[in-house]
Number of protein chains: 2
Amino acid sequence: MSDCETCVVKNRAICSALEPAELAALGKLSRKQIISRGQTLVWEGDESLVVANVIKGVLKLAVSATDGREQIVGVIFPSDFIGRPFGKESPYGVTALTDAEVCVFTRTAFDSFAREHSDLQHKLLQRTLDELDRARHWMMLLGRKTASEKIATLLIEISNRLGNAGCSAIAPFLERFEMPMDRQQMGDVLGLTIETVSRQMTKLKEADIIALPDRRTVVIRDRKRLHNIAFAA
Amino acid sequence: MSDCETCVVKNRAICSALEPAELAALGKLSRKQIISRGQTLVWEGDESLVVANVIKGVLKLAVSATDGREQIVGVIFPSDFIGRPFGKESPYGVTALTDAEVCVFTRTAFDSFAREHSDLQHKLLQRTLDELDRARHWMMLLGRKTASEKIATLLIEISNRLGNAGCSAIAPFLERFEMPMDRQQMGDVLGLTIETVSRQMTKLKEADIIALPDRRTVVIRDRKRLHNIAFAA
DNA sequence: CAGCTTCGTTGATCTAAATCAATGCAGGCA
DNA sequence: TGCCTGCATTGATTTAGATCAACGAAGCTG
């Protein structure tokens, strides 16, 4: 079981819907789990046995074809919820992009708890609706945007999500951050190859829109121009 | 208000979660609305004023860029739910692909009803989770599939959805159906141009995998081969 | 039924991004 | 200190699909 009182995401995760007594009850059903970069928590197509809240780290949701082509269909940050509650198999794999820490429930235990706590279910519905909106806007990116628009959009999105994840109302986004994924994974999110990702990144660097102090860190030097590229404004 | 008792989708729409008395109460909040092909029910970015159940017809959810590029992010069939409950603006436009009939609620009225009826909310959650899975698999298509895989997948998907929509447990899918969209709209679903859609369709026709008796109707003559193309098996 | 208009097909050409192929470069390890 | 090993970058070439441009066929309308 987990100690929910001291949990760093308790105010942002779906748990925030619960009263202290309920929270304690839910906490008894959970256990903390450490996952290291590259490790996969759930395999695509497997029976959906667990759901979880992310406490720390970044994870990917991925779908792959028989021939190995992969598409990352979601990137999961702290306080986000993972898993497919209410039956069925997991329609995508979940694997850690960075070392991570999650708060895991067995799906069946979580399901019955959620059925009895309609505030929790409401929060879950809101989150799922938000995820659906995000997924659908990403469909626009995948279907209709050019490589440079895709890269610019990704950089803005990651900087925003990492900024908010820090919980600070102060920093809505970050001008300097660590990419939680390598070039191949960026390609898998954007529907591009590693070479195209690399070329677009150096193009942005040469235009002085971003700086790349090392392979993982990104500095946004001109957010406005980056935004214009991302949204063809 | 609508007469839910005689509604053709009452067993498949989210309303099926409700007891007769509750159903009657919900019915009082709704009104039937006829929409003709091409008419748009909700504009992208507008405040989310209504939600609805689809009774008849097919509608699209679309996101567009400032320069007119459009991506269809969802295709909605009878018994499906439309709209963004619980606040915010509508993140995509909803417009009819065929003449349609919907059962409309003002969003605020629906929201408060749903908050008091946790079975309804549960059903809505299940549906939203299913939609999210569908959207994410479509992301795989948009990001990683070739034009011929895309077309084959679309034909299978539409034939399945139209088959189930007919409510008949008899026909899981249809071997002959009317495409509820034109070539441009097929392109907008798949992230392709109209010309590429057309060429891929004639390629499938020439390989005797499908027949095209007229511009709207499709006959699947070799589902197995079509499936192999769609899923690179 | 002639003349629009809308939609789909087909062909020629172009180009963005994929693919193929080195090369560079930092960190770990002997 | 020098050699792997795993990424990332860069360059050359190819190609799937876009773009540009007719053309054809079906449905309306006066």
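How do the residues of the surface near DNA strand D divide into nonpolar, polar and charged? Here are some notes to read alongside the model, which is a predicted one.

1. To take the opening question straight away: the surface near DNA strand D is made up of 8 charged, 6 polar and 2 nonpolar residues. In all, 16 residues surround this strand, and the closest are Arg183(A), Ser198(A), Thr202(A), Ala147(B) and Thr196(B). On the DNA side, 62% of the strand D atoms that come within 4 Å of the protein belong to sugar and phosphate.

2. Next, the helices. At least two residues of the surface near DNA strand D come from α6 (194-206) of chain A, and at least two from α6 (194-206) of chain B. The element that gives the most to this surface is α6(A), with 4 residues.

3. Some phosphate contacts are worth finding on your screen. In chain A, a side-chain N or O atom of Thr202(A) is 3.5 Å from a phosphate oxygen of DNA strand D. In chain B, the side chain of Thr193(B) has an N or O atom 3.0 Å from a phosphate oxygen of that strand. Ala147(B) uses its backbone instead: a backbone N or O atom there lies 2.8 Å from a phosphate oxygen of DNA strand D.

4. Finally, the two protein chains. Chain A superposes on chain B after a rotation of 180° with 0.0 Å of shift along the axis, at an RMSD of 0.0 Å. That is how a two-fold axis relates two copies. The copies meet through the same surface, because 100% of the interface residues of chain A are also interface residues in chain B.

Definitions and conventions
Residues numbered from 1 in each chain as written. Chains lettered and ligands numbered in written order. Predicted model: local features only at pLDDT ≥ 70, side-chain atom pairs only at ≥ 80, totals over all residues. Heavy atoms only, no water. Least-squares fit on C-alpha atoms with pLDDT ≥ 70 in both. Contact = heavy atoms within 4.5 Å. Near = heavy atom within 4 Å. Polar contact = N/O pair within 3.5 Å; in protein donor to acceptor, adjacent residues only side chain to side chain. Nonpolar A, V, L, I, M, F, W, Y, C, P; charged D, E, K, R; others polar.
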